Amino acid sequence: MINLILAIICSSGNSLIMKFHEKRSENRVALLLMNYVMAVIFGGTLVVKEIAHLDFHRMGTTPLLGMVNGFFYVSAFLFLQLSIRKNGATVSASMSHMGLLIPVLLSIVLFREYPGSTQWGGVILAVASLTVVSIPTGGFAVGKRCRAIGASSAEGNSYRWLLIPMLVCSGMADTMSKVFEAFCPHELEDFFISITFAMALVLCILAYFFSHEHMNRVDLVCGMLLGISNYLSTKFLIRAIYDIPAFISYIVFGLGVALFINCINWTVLHEKLTRRDYIGMVLSMGAIVLLNL
């Protein structure tokens, strides 16, 4: 359980760093680029330290899975940014939370990790919590008279399809941790994560080149902090899946991050939470309790 708690803390740190960066810079691709540079350096250092104890003859599909994971990492981010531009920030950010359901369902269907009767109650509460906090006020309607905040001037629902690949890539990026746990030697976890971020870095360099953004000091510092936090959150989540069924790990991880961030927003940043935030938090806590009975 300690690894899952550490994963929640590190992932919450990711969100808080990105929130800090958002208020001081609009160079999202530059932030992502520096994030992956730092993650590769940090992961490479760990791999070098352990290289004498690694059996690369047993790596099997580890490099391939890492590259696929890196593709999903960057694709999820780019689809999210494109969806924000076309569909609005409210709809896009809300729907991205629902990506949590993909690794949960795949863990149950493909890896036969079946919840007990009490845990099914936790799963239902988790879905209810995600629904409460993910459906924006007024629903998902977008048009001339009702358009989500941040959306482009495009009319109708012609760009609503972007939500599907965004959801799939986000969910599959999380699912790959379970795939690694199931099919690859566990001692290669740092190698797997490093390959993931190296692949993401290559793709992000291309995105940065076409974005015409210029990196500043804020992007550099926030990107370095984000890279370390991002790497550690991935590492601790994989280790949590070693000991805890994946469907529990993913749900507790997703809900725990939301709870942690809301608590920080309320107690430290003094942000006002909405009624739906409070309902979502209560449902999340109930889900976590039931999942761990």
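Colleague: How do the axes of helix 1 and helix 9 sit relative to each other, in terms of distance and crossing angle?

Modeller: In this predicted model, the axis of helix 1, which covers residues 2-22, comes within 7 Å of the axis of helix 9, which covers residues 217-243, and the two cross at roughly 155°. Since angles over 145 degrees count as roughly antiparallel, that crossing makes helix 1 roughly antiparallel to helix 9.

Colleague: And is that crossing left-handed or right-handed?

Modeller: The crossing of helix 1 and helix 9 is left-handed. Sorted by class, the residues in the contact of helix 1 with helix 9 are 15 nonpolar, eight polar and three charged.

Colleague: What about helix 8 against helix 9, how do their axes cross?

Modeller: The axes of helix 8 and helix 9 come within 11 Å and cross at roughly 135°, and that angle makes helix 8 oblique to helix 9. As for the hand, helix 8 passes helix 9 in a right-handed crossing.

Colleague: Stepping back, how many helices and strands does the protein chain have?

Modeller: The protein chain has eleven helices and zero strands, so that, read from the N terminus on, its elements run α-α-α-α-α-α-α-α-α-α-α. Of the 293 residues in the protein chain, 47% are buried.

Colleague: Let's talk rings. How many aromatic pairs does the structure hold?

Modeller: The structure holds nine aromatic pairs. One of them is formed by Tyr 73 and Phe 197, which meet edge-to-face at 5.6 Å centre to centre, with 85° between the planes.

Colleague: Why would you say that Tyr 73 and Phe 197 tie together parts of the chain?

Modeller: Tyr 73 belongs to helix 3 (residues 62-87) whereas Phe 197 belongs to helix 8 (residues 189-211), so their pair ties together parts that are 124 residues apart in sequence.

Colleague: Are those two, Tyr 73 and Phe 197, buried or exposed?

Modeller: Tyr 73 and Phe 197 are both buried. They also belong to a cluster in which ring pairs link Tyr 36, Phe 42, Tyr 73, Phe 197 and Tyr 231.

Colleague: Then there is Trp 266 with Tyr 278; why is that pair called edge-to-face?

Modeller: The ring planes of Trp 266 and Tyr 278 stand at 90°, with the centres 6.4 Å apart, so the pair is edge-to-face, because planes over 60 degrees apart are counted that way. Trp 266 lies in helix 10 (residues 246-267) and Tyr 278 in helix 11 (residues 275-291), so this pair ties together parts that are twelve residues apart in sequence.

Colleague: And how accessible are Trp 266 and Tyr 278?

Modeller: Trp 266 is partly exposed, with a relative accessible area of 47%, and Tyr 278 is partly exposed as well, with a relative accessible area of 37%.

Colleague: Which charged end sits over the ring of Phe 111?

Modeller: That is Lys 178, whose charged end sits over the ring of Phe 111 at 5.3 Å from the ring centre.

Colleague: Moving along the chain, what is unusual about the phi of Arg 112?

Modeller: Arg 112 has a positive phi of about 55° although it is not a glycine. For context, most residues other than glycine have a negative phi. Arg 112 is found in the loop between helix 5 and helix 6 (117-134), and at 61% relative accessibility Arg 112 counts as exposed.

Colleague: Where is Ser 107, then, and is Ser 107 buried or exposed?

Modeller: Ser 107 is found in helix 5, residues 101-109, and is buried, with a relative accessible area of 1%. The C-alpha atoms of Ser 107 and Thr 175 are separated by 8.1 Å, although the two residues are 68 residues apart along the chain.

Colleague: How far apart are the C-alpha atoms of Val 68 and Ala 200?

Modeller: The C-alpha atoms of Val 68 and Ala 200 are separated by 9.3 Å, while the residues are 132 residues apart along the chain. Val 68 lies in helix 3 and is partly exposed, with a relative accessible area of 30%.

Colleague: Last one: what can you tell me about Tyr 250 in helix 10?

Modeller: Tyr 250 lies in helix 10 and, at 1% relative accessibility, counts as buried. The C-alpha atoms of Tyr 250 and Leu 237, which are 13 residues apart along the chain, are separated by 8.4 Å.

Conventions
Residues numbered from 1 in each chain as written. Predicted model: local features only at pLDDT ≥ 70, side-chain atom pairs only at ≥ 80, totals over all residues. Heavy atoms only, no water. Phe/Tyr/Trp six-rings, centres within 6.5 Å; stacked < 30°, edge-to-face > 60°. Helix = DSSP H or I, 4+ residues; strand = E, 2+ residues; numbered from the N terminus. Buried < 20%, exposed > 50% of the residue type's maximum accessible area, 1.4 Å probe, protein only. Lys NZ or Arg CZ within 6 Å of the ring centre and 35° of its normal. Axes fitted to C-alpha atoms, helices over the stretch in contact; angles between N-to-C directions. Parallel < 35°, antiparallel > 145°, perpendicular 65-115°, else oblique. Left-handed = near helix turned anticlockwise from the far one by under 90°. Nonpolar A, V, L, I, M, F, W, Y, C, P; charged D, E, K, R; others polar.
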